[in-house]
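Subject: Structure for you to look over

Hello,

Here is the structure I said I would pass on. My notes on it follow below.

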Amino acid sequence: MPPPQEIELKLLVPGLTADDALQRLRRAPSLRRRPLQQQQLLNRYFDTPDLALQRQRCALRLRQVSAPSAAAADTGGTWRQTLKTAGTSHGGLSQRGEWESPVPDGTLDPTALQGTAWDRLDPDGTIFPTLQPCFETHCLRSTWRVLQRHGVEIEVALDAGSIHAGGQTQPLLELELELISGPPSALFALAQALAQHLPLLPSDVSKAQRGYALAAQAPVTAVRAQPLPLKKGLSPLALATPVLAEILQQLFRNLEGLLLHDDPELVHQARVAWRRWRSVTRLLRPWLPPAPDTTALRPLLDQLGALRDLDVARHDTLPAWGQAYLNDPPGAPTSAAASAARQASWDAACHALEHAAHQARAQV
């Protein structure tokens with residue numbers, strides 16, 4: 001039998017508070033008349049001291065499920081143990097193996113891992129005794145069940161909370177659409193409907209990946225175009241699938257990085273990704289299905305361009321001019337008053353650019 005699989009679409013909810021996101025979802029026609037359930041979740045992730053599971057792109061966690069009013073703690077609620085294996089992830093849609101079992105006391109249970117992918121990960125039983133907690137996520141989960149025609153069933157879950165690792169905390173606000181039954185295309189159709197009511201950004205980064213990055217205090221870095229091992233003789237349509245998926249990942253990951261960091265390279269690489277998207281879709285237009293309407297992206301793209309111009313001025317153009325502007329003109333007598341005036345005007349210009357960039361970044 002094939003292993004049990006989880007198929008879900010993960011979407012970040014940028015620019016909103018948790019309460020605002022919840023209220024917008026409750027008003028969305030797709031969810032408005034459906035029962036809402038809420039639970040408090042504590043997820044504790046485990047790995048070896050040398051991060052053997054991370055290297056295998058696997059995640060092992062204990063989850064405590066409590067009433068929504070309960071604080072995250074080790075008392076009360078029920079516990080479940082979950083093993084997730086490496087899978088595929090493109091444009092926020094992930095498909096991976098998942099094994100889940102109840103555990104009575106909130107401790108890892110090796111017997112629940114028997115007959116799962118753990119048998120290949122730890123065939124001689126040496127890994128399990130070295131497992132230790134690495135990080136946790138605490139969140140309030142709000143869920144709806146969406147039943148549609150032709151047997152489609154989707155669980156919609158809004159997770160609002162935080163990730164805790166190594167004394168650091170990072171906010172968490174994301175929407176997960178998990179396919180219970182039906183084709184994966186149903187996830188995108190529902191996401192498109194919900195996106196009319198709140199901002200959604202597809203993300204290929206799992207909670208476990210975020211936790212590992214926070215624990216390692218890994219810097220947020222820009223994602224650049226990646227070479228693809230393409231086979232010869234591919235049809236234009238077969239070529240478009242992996243190429244456009246890689247471009248979308250570059251776009252989404254850099255936009256996601258902007259939520260956490262002000263690195264100008266994130267802005268630059270997001271704009272590079274969009275230019276690549278336009279070039280490839282124009283090149284392959286005769287063979288592709290009708291392109292989606294991207295008119296609604298125009299304000300974001302324009303604001304990214306304005307922010308990029310300000311970043312270039314602040315970090316590249318002005319620093320090269322600074323010394324020439326501040327120095328006394330050749331042959332002119334040195335004047336302390338004139339030098340002070342130039343310094344003051346230079347500082348004012350730099351301050352104005354910083355303020356403009358801050359406003360542009362907030363608008364993005």
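Which residue forms a salt bridge with Arg-210? The partner is Glu-174, and the closest N and O atoms of the pair are 3.9 Å apart. Please keep in mind throughout that this is a predicted model. Arg-210 belongs to helix α5, whereas Glu-174 sits in strand β9 (residues 168-181), so the bridge ties together parts that are 36 residues apart in sequence. Arg-210 and Glu-174 are both buried.

Other salt bridges

The count of salt bridges comes to 27. Two others are worth setting beside the pair above. The side chain of Asp-311 meets that of Arg-361 at 3.4 Å, N to O. This pair also links distant parts of the chain, with Asp-311 in helix α8 and Arg-361 in helix α9, 50 residues apart. Asp-311 has a relative accessible area of 2% and is buried; Arg-361, at 15%, is buried as well.

The salt bridge between Asp-50 and Arg-55 spans 3.7 Å, again N to O. Here Asp-50 is partly exposed, with a relative accessible area of 47%, and Arg-55 is exposed, at 56%. The cut-off for exposed is over 50%, so Asp-50 at 47% falls in the class in between.

Helix α9

Arg-361 leads on to the helix that holds it. Helix α9 covers residues 336-363, which makes 28 residues. At 1.5 Å a residue the helix should span 40 Å, and its end C-alpha atoms are 41 Å apart, so the two values agree. Its buried residues are Arg-342, Trp-346, Leu-353, Ala-357, Ala-360 and Arg-361. An α-helix has 3.6 residues a turn, so residues three or four places apart point the same way. In the model, the buried residues of α9 pack against three other helices: α6 (236-258), α7 (264-283) and α8 (298-326).

The nonpolar cores

The largest nonpolar core has 30 residues, and the members that touch the most others are Leu-60, Leu-83, Leu-108, Trp-118 and Leu-131. Several elements supply at least two residues each to this core, among them the strands β2 (37-47), β3 (59-66), β4 (78-84), β6 (93-103), β7 (132-147) and β8 (153-165), and the helices α3 (118-121) and α5 (207-215). A second core, separate from this one, has 29 residues, including Ala-270, Ala-273, Val-280 and Ala-360. Ala-360 is also one of the buried residues of α9.

What does Trp-118 touch, not counting residues up to four places away in sequence? Its contacts are Leu-53, Leu-60, Leu-83, Leu-113, Ile-127, Phe-128 and Leu-131.

Strand pairing

Strand β6 is a convenient place to start. It runs antiparallel to β1 (residues 5-12), to which five bridges join it, and antiparallel to β4, to which six bridges join it. Strand β5 (residues 88-90) also pairs with β6 in the antiparallel sense, over three bridges. As for individual partners, Ile-7 stands opposite Gln-95 in β6, and Thr-88 stands opposite Gln-95 too. Arg-80 has Pro-102 of β6 as its bridge partner. Between β5 and β6 there is a hairpin with two residues in between, and Gly-91 in its turn has a positive phi of about 60°.

Strand β9, which holds Glu-174, is the other one to look at. It pairs with β1 in the antiparallel sense over five bridges, with Leu-9 and Leu-177 as bridge partners. The pairing of β8 with β9 is antiparallel and has 13 bridges; within it, Ala-157 stands opposite Glu-176. β8 and β9 form a hairpin with two residues between them, where Gly-166 in the turn has a positive phi of about 55°.

One residue of β7

Is Thr-143, in strand β7, buried or exposed? Thr-143 has a relative accessibility of 12%, which means that it counts as buried. Leaving aside neighbours within four places in sequence, Thr-143 is in contact with Pro-35, Leu-36, Gln-37, Val-156 and Ala-157. Ala-157 is also the residue opposite Glu-176 in β9.

Regards

Conventions: Residues are numbered from 1 along each chain as its sequence is written. This is a predicted model: local features need pLDDT of at least 70, side-chain atom pairs count only at pLDDT 80 or more; totals for chains, interfaces and linings use all residues. Side-chain values use heavy atoms; hydrogens and water are left out. A nonpolar core is a set of buried Ala, Val, Leu, Ile, Met, Phe, Trp, Tyr and Cys residues joined through side-chain atoms within 4.5 Å. Buried means under 20% relative accessible area, exposed over 50%, partly exposed in between (1.4 Å probe, protein chains only). Helices (H or I, at least four residues) and strands (E, at least two) are DSSP runs, numbered from the N terminus. Contact means heavy atoms within 4.5 Å. The expected span of a helix is 1.5 Å times one less than its number of residues. A salt bridge is a side-chain nitrogen of Lys or Arg within 4 Å of a carboxyl oxygen of Asp or Glu. Two strands pair if DSSP finds at least two bridges between them.
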